[in-house]
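Subject: Structure for your review

Dear colleague,

Please find below the structure that I agreed to pass on to you. My notes on what was found in it follow.

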Amino acid sequence: MDLAQRPPYSTIDFKALAKADSDFKQTWQTCSGKLDFQDPATLQSLSKAILRVDFGIELSLPDGRLCPPVPNRWNYVSWVQGLLDSSSPAYTNKYERERRVIGLDIGTGASGIYAMLCMKSRPNWTMCATDIDKTSFESAAANFAKNNLLSRTKMLQTTSKMLLIPLEILGTQQLDFTLCNPPFFIDSAEMEKSLNGEGKATGPNAICSGSSNEMICPGGDLGFVTRIVEESLVLRGKVKWYSSVLGKLSSAKAIVELLKSHNITNWAVGVLEPGTKTGTKRWIVAWSFGDLRPRHSIARPRGGSFPYDLLPFPTSYNISLSSSFTGSTAEDKLNDQLSALDLTWTWVPATAMGVGEASENVWGRAYRRAYERRKREGQVEMRDTIDRKTQLAFRVTVVQLAGEIVLEWLRGDDQVLWESFCGCAHRWFKQV
């Protein structure tokens with residue numbers, strides 16, 4: 001399987017894994033097919049086997065450090081890849097093999113797993129990796145070297161007084177994204193309660209082998225990610241997408257509220273539900289100071305698992321076609337309508353898809369009348385030489401089998417302008 005296109009995990013076939021990995025086969029046979037997820041050795045055997053079989057990654061871990069469950073880690077990386085792919089300046093909405101990307105794993109841990117998964121699955125990606133713990137830092141470096149990834153990694157051992165995103169010390173002016181799996185607990189008492197399953201319907205799925213500095217920090221996950229938000233308010237567009245996992249829904253909600261309080265309007269929410277016995281439900285929040293909008297399915301999780309009022313504004317709008325539109329009539333009408341407007345429009349008949357860029361509400365009645373007048377007076381070409389900034393970019397796809405037109409918001413800060421365009425397109429296909 002092409003790792004760049006590998007989907008998120010929903011389950012693990014332990015029997016198939018045992019057949020593919022001799023070390024895990026011994027574990028599987030010893031426990032007679034009933035894995036003990038409270039046993040650290042079993043968890044290490046499982047994680048190492050998944051990484052080896054599915055990603056070609058060899059993992060070593062020192063005693064007393066967190067053994068990372070792979071499904072949640074990969075699902076986070078996969079989500080971030082979808083975030084970047086769907087907010088590409090090229091408007092491709094897919095993996096661009098030649099695109100060079102640089103990310104930062106904040107607190108890479110002893111495994112360095114996030115950075116390794118990023119680089120193994122995306123050959124043109126490079127990573128920065130930081131950690132404050134000497135043992136974890138050295139272990140991560142050893143894992144990068146063992147997997148021939150050290151040359152694609154900038155490593156920095158930090159201190160608690162340093163910035164979480166130390167661009168200057170890392171020697172880079174800009175990042176495409178950050179990843180973070182922060183310490184989730186405020187203190188050892190909160191950690192112990194959580195690991196004992198207090199206040200939960202069921203006990204923990206698996207034992208936690210993490211050290212205190214991996215699991216505990218002032219303010220817990222909310223406090224840690226709040227620091228990232230505060231740093232992002234200074235760095236702003238120097239990082240295209242900031243992101244972090246959060247261990248509690250309340251923390252994820254608080255971070256979105258914090259973003260809104262600072263008038264950040266471009267954010268995305270993800271939910272990690274791997275569906276495996278070692279999986280734990282987590283939330284992701286990402287935000288950007290840029291105007292490239294991610295795919296609707298990436299930014300807004302399905303199933304009502306996150307409060308509706310804290311979700312970003314929808315970036316997709318569907319128009320159902322009436323029975324009067326048959327064959328290519330919808331495509332022809334769409335292309336004719338958009339070609340007549342004062343905007344940049346590229347239509348690809350083979351895919352029944354087009355991309356448009358507008359500098360303002362050029363579909364409004366007053367603007368269209370003025371535009372037609374300028375054309376009659378021969379002033380359009382002169383006006384088109386003026387460099388006009390794109391205020392809205394969109395993709396339109398005619399899906400004949402589903403009998404609908406799908407509009408996607410690709411770029412822009414103006415929610416009202418996007419809504420106005422959706423309303424205009426809707427009216428085109430209601431006037432039969």
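Which residue in β4 is the bridge partner of Asp105? The partner is Leu179. Please note before reading further that this is a predicted model.

The strands around β4

The pairing of Asp105 with Leu179 belongs to a set of four bridges that join strand β1 (residues 101–106) to β4, and these two strands run parallel. Strand β4 is also joined to strand β5 (residues 239–246), in this case by two bridges, and again the strands run parallel. Within that second pairing, Leu175 has Val239 in β5 as its bridge partner. Strand β4 itself, which spans residues 175–180, is mostly covered, with six of its six residues buried.

The chain as a whole

The protein chain contains 16 helices and 12 strands. Of its 432 residues, 51% are buried. Considering contacts between residues at least 6 apart in sequence, 72% join residues that are at least 24 apart.

The open sheet

Five strands make up an open sheet with antiparallel pairing, in the order β8-β12-β11-β10-β9. Strands β8 (316–320) and β9 (344–348) are at the edges and have a single partner strand each, so one side of each has no neighbour in the sheet. From one strand to the next, the twist averages 15 degrees. Helix α16 (residues 415–428) packs on this sheet, where it touches β8, β11 (392–399) and β12 (404–411). The direction of α16 makes about 160 degrees with that of β12. At the β9 edge, five bridges join β9 to strand β10 (residues 353–358), and the two strands run antiparallel. Thr346 stands opposite Val355 in β10.

The second largest pocket

The second largest pocket holds about 580 Å³ of space. Its lining consists of 28 residues, and those nearest its centre are Pro8, Ser78, Trp79, Arg295 and Ile298. Three elements give two or more residues to this lining, namely α4 (70–86), β6 (266–272) and α12 (296–299). Helix α4 provides the largest share, with six residues. By character, the lining residues of the second largest pocket divide into 12 nonpolar, eight polar and eight charged.

Gln81 and helix α5

Helix α4 also contains Gln81. Is Gln81 buried or exposed? Its relative accessibility is 3%, and buried means under 20%, so Gln81 counts as buried. Apart from its neighbours within four places in sequence, Gln81 is in contact with Ala4, Trp74, Ser121, Arg122 and Trp125.

One of these contacts, Ser121, is among the buried residues of helix α5. This helix covers residues 113–121 and is mostly covered, as eight of its nine residues are buried. Alongside Ser121, the buried residues of α5 are Ile113, Tyr114, Ala115, Met116, Leu117, Cys118 and Met119.

With kind regards

Key: Residues are numbered from 1 along each chain as its sequence is written. This is a predicted model: local features need pLDDT of at least 70, side-chain atom pairs count only at pLDDT 80 or more; totals for chains, interfaces and linings use all residues. Side-chain values use heavy atoms; hydrogens and water are left out. On a 1 Å grid over the protein atoms alone, a cavity is a set of points where a 1.4 Å probe fits but cannot get out, and a pocket is an open set with protein on both sides within 12 Å along at least five of seven lines; lining residues have an atom within 4 Å of a point. Grid points are joined across faces, edges and corners, and a volume is the space filled by probe spheres set on the points. Ala, Val, Leu, Ile, Met, Phe, Trp, Tyr, Cys and Pro count as nonpolar, Asp, Glu, Lys and Arg as charged, and the others, Gly among them, as polar. Buried means under 20% relative accessible area, exposed over 50%, partly exposed in between (1.4 Å probe, protein chains only). Two strands pair if DSSP finds at least two bridges between them. Axes are lines fitted to C-alpha atoms, for helices over the stretch in contact, and angles run from 0 to 180 degrees between N-to-C directions. Contact means heavy atoms within 4.5 Å.
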